[in-house]
Amino acid sequence: MKSSRLHQLFLLNLCLQLFDGIATYEGLRWHWSEGNPLLLAAIPYLGVGTTLLLFKAKACGFLVFLRRMGERPLVYESLVVLATVYTFLSFIPWMTRIVSLLNV
(Lines give C-alpha, C1' and ligand atoms only; values in the text may rest on other atoms or scores of the structure.)
Protein backbone atom coordinates (compact mmCIF):
# COMPACT_ATOMS: atom_id res chain seq x y z
CA MET A 1 0.00 0.00 0.00
CA LYS A 2 2.69 2.49 0.97
CA SER A 3 4.66 1.70 -2.20
CA SER A 4 1.62 2.61 -4.30
CA ARG A 5 1.20 5.87 -2.38
CA LEU A 6 4.90 6.61 -2.77
CA HIS A 7 4.64 6.16 -6.52
CA GLN A 8 1.55 8.40 -6.67
CA LEU A 9 3.40 11.11 -4.75
CA PHE A 10 6.34 10.75 -7.11
CA LEU A 11 4.06 11.19 -10.15
CA LEU A 12 2.30 14.15 -8.52
CA ASN A 13 5.65 15.83 -7.92
CA LEU A 14 6.72 15.21 -11.53
CA CYS A 15 3.46 16.77 -12.75
CA LEU A 16 3.97 19.77 -10.47
CA GLN A 17 7.50 20.24 -11.85
CA LEU A 18 6.23 20.02 -15.42
CA PHE A 19 3.43 22.47 -14.67
CA ASP A 20 5.84 24.88 -12.97
CA GLY A 21 8.25 24.82 -15.91
CA ILE A 22 5.55 25.40 -18.53
CA ALA A 23 3.73 28.01 -16.46
CA THR A 24 6.96 29.88 -15.75
CA TYR A 25 7.94 29.84 -19.42
CA GLU A 26 4.53 31.09 -20.54
CA GLY A 27 4.31 33.57 -17.66
CA LEU A 28 7.63 35.12 -18.62
CA ARG A 29 6.39 35.41 -22.21
CA TRP A 30 3.46 37.43 -20.78
CA HIS A 31 6.04 39.59 -18.94
CA TRP A 32 4.95 38.31 -15.55
CA SER A 33 7.60 38.20 -12.88
CA GLU A 34 9.39 35.11 -11.62
CA GLY A 35 9.55 34.65 -7.87
CA ASN A 36 12.60 32.38 -7.69
CA PRO A 37 15.73 34.54 -7.26
CA LEU A 38 18.00 31.71 -8.46
CA LEU A 39 16.11 31.46 -11.75
CA LEU A 40 16.13 35.24 -12.12
CA ALA A 41 19.89 35.30 -11.66
CA ALA A 42 20.52 32.55 -14.22
CA ILE A 43 18.13 33.70 -16.97
CA PRO A 44 20.29 36.60 -18.26
CA TYR A 45 23.23 34.22 -18.74
CA LEU A 46 21.53 31.08 -20.02
CA GLY A 47 18.24 32.31 -21.44
CA VAL A 48 14.75 31.39 -20.27
CA GLY A 49 14.43 28.01 -21.97
CA THR A 50 17.86 26.69 -21.02
CA THR A 51 17.54 27.91 -17.44
CA LEU A 52 14.15 26.27 -16.99
CA LEU A 53 15.29 23.01 -18.58
CA LEU A 54 18.37 22.82 -16.36
CA PHE A 55 16.51 23.67 -13.14
CA LYS A 56 13.60 21.35 -13.89
CA ALA A 57 15.94 18.52 -14.93
CA LYS A 58 17.75 18.91 -11.62
CA ALA A 59 14.47 18.88 -9.69
CA CYS A 60 13.16 15.85 -11.57
CA GLY A 61 16.49 14.07 -11.09
CA PHE A 62 16.17 14.63 -7.36
CA LEU A 63 12.64 13.21 -7.46
CA VAL A 64 13.91 10.11 -9.28
CA PHE A 65 16.62 9.76 -6.64
CA LEU A 66 14.01 9.95 -3.87
CA ARG A 67 11.77 7.46 -5.63
CA ARG A 68 14.63 4.99 -6.06
CA MET A 69 15.29 5.17 -2.33
CA GLY A 70 11.97 3.41 -1.93
CA GLU A 71 10.44 3.13 1.49
CA ARG A 72 13.43 4.31 3.49
CA PRO A 73 12.82 6.72 6.36
CA LEU A 74 11.67 10.24 5.40
CA VAL A 75 11.32 9.56 1.65
CA TYR A 76 7.51 9.59 1.78
CA GLU A 77 7.51 12.65 4.03
CA SER A 78 9.98 14.44 1.73
CA LEU A 79 7.72 13.89 -1.28
CA VAL A 80 4.73 15.19 0.70
CA VAL A 81 6.65 18.33 1.70
CA LEU A 82 7.84 18.94 -1.87
CA ALA A 83 4.33 18.52 -3.28
CA THR A 84 2.96 20.91 -0.65
CA VAL A 85 5.62 23.53 -1.32
CA TYR A 86 5.13 23.40 -5.10
CA THR A 87 1.36 23.49 -4.71
CA PHE A 88 1.44 26.64 -2.58
CA LEU A 89 4.41 28.43 -4.15
CA SER A 90 3.85 27.51 -7.80
CA PHE A 91 0.56 25.84 -8.71
CA ILE A 92 -1.79 28.13 -6.80
CA PRO A 93 -0.04 31.41 -7.73
CA TRP A 94 0.24 30.48 -11.42
CA MET A 95 -3.32 29.19 -11.61
CA THR A 96 -4.56 32.40 -9.95
CA ARG A 97 -2.83 34.43 -12.65
CA ILE A 98 -4.04 32.17 -15.45
CA VAL A 99 -7.64 32.26 -14.21
CA SER A 100 -7.41 36.06 -13.95
CA LEU A 101 -7.01 36.10 -17.75
CA LEU A 102 -10.49 34.62 -18.09
CA ASN A 103 -11.97 37.70 -16.45
CA VAL A 104 -10.57 40.06 -19.08
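## A pair within one helix

Where do Arg29 and Glu26 lie, and how many residues apart are they? Both belong to helix 1, with a separation of three residues, or about one turn of the helix. Their side chains meet in a salt bridge, at 3.0 Å from N to O. Arg29 has a relative accessible area of 53%, so this residue is exposed. Glu26, at 31% relative accessibility, counts as partly exposed.

Before going further, please keep in mind that this is a predicted model.

## A pair between two helices

The count of salt bridges comes to two. Besides the Arg29 and Glu26 pair, there is a salt bridge between the side chains of Lys56 and Asp20, at 2.5 Å from N to O. This pair links distant parts of the chain, since Lys56 sits in helix 3 and Asp20 in helix 1, 36 residues apart.

Are these two partners buried or exposed? Lys56 has 13% relative accessibility and therefore counts as buried, because buried means under 20%. Asp20 is buried as well, with a relative accessible area of 9%.

## How the helices cross

Helix 1 covers residues 2-29, and helix 4 covers residues 75-102. Their axes come within 9 Å and cross at roughly 30°. Angles under 35 degrees count as roughly parallel, so helix 1 is roughly parallel to helix 4. The crossing of these two helices is left-handed.

Now turn to helix 2 and helix 3, whose axes come within 7 Å and cross at roughly 130°. That angle makes helix 2 oblique to helix 3. Here the crossing is right-handed.

## Two loop residues to look at

In the loop between helix 1 and helix 2 (37-46) you will find His31. Although His31 is not a glycine, its phi is positive, at about 65°. His31 counts as exposed, at 73% relative accessibility.

Leu74 is placed in the loop between helix 3 (48-68) and helix 4. Leu74 is not a glycine either, yet has a positive phi of about 75°. With a relative accessible area of 59%, Leu74 is exposed.

## A nonpolar patch on the surface

Which residues form a nonpolar patch on the surface? They are Val81, Val85, Phe88, Leu89, Phe91 and Ile92, and together they have about 570 Å² of accessible area. One of them, Phe88, is found in helix 4. Phe88 has a relative accessible area of 55%, so this residue is exposed.

Definitions and conventions. Residues numbered from 1 in each chain as written. Predicted model: local features only at pLDDT ≥ 70, side-chain atom pairs only at ≥ 80, totals over all residues. Heavy atoms only, no water. Patch = residues over 30% accessible without salt bridge, like charges linked within 9 Å, V, L, I, M, F, W, Y side chains within 5 Å. Areas by Shrake-Rupley, 256 points an atom, 1.4 Å probe, with all protein chains shown as cover. Salt bridge = Lys/Arg side-chain N within 4 Å of Asp/Glu carboxyl O. Helix = DSSP H or I, 4+ residues; strand = E, 2+ residues; numbered from the N terminus. Buried < 20%, exposed > 50% of the residue type's maximum accessible area, 1.4 Å probe, protein only. Axes fitted to C-alpha atoms, helices over the stretch in contact; angles between N-to-C directions. Parallel < 35°, antiparallel > 145°, perpendicular 65-115°, else oblique. Left-handed = near helix turned anticlockwise from the far one by under 90°.
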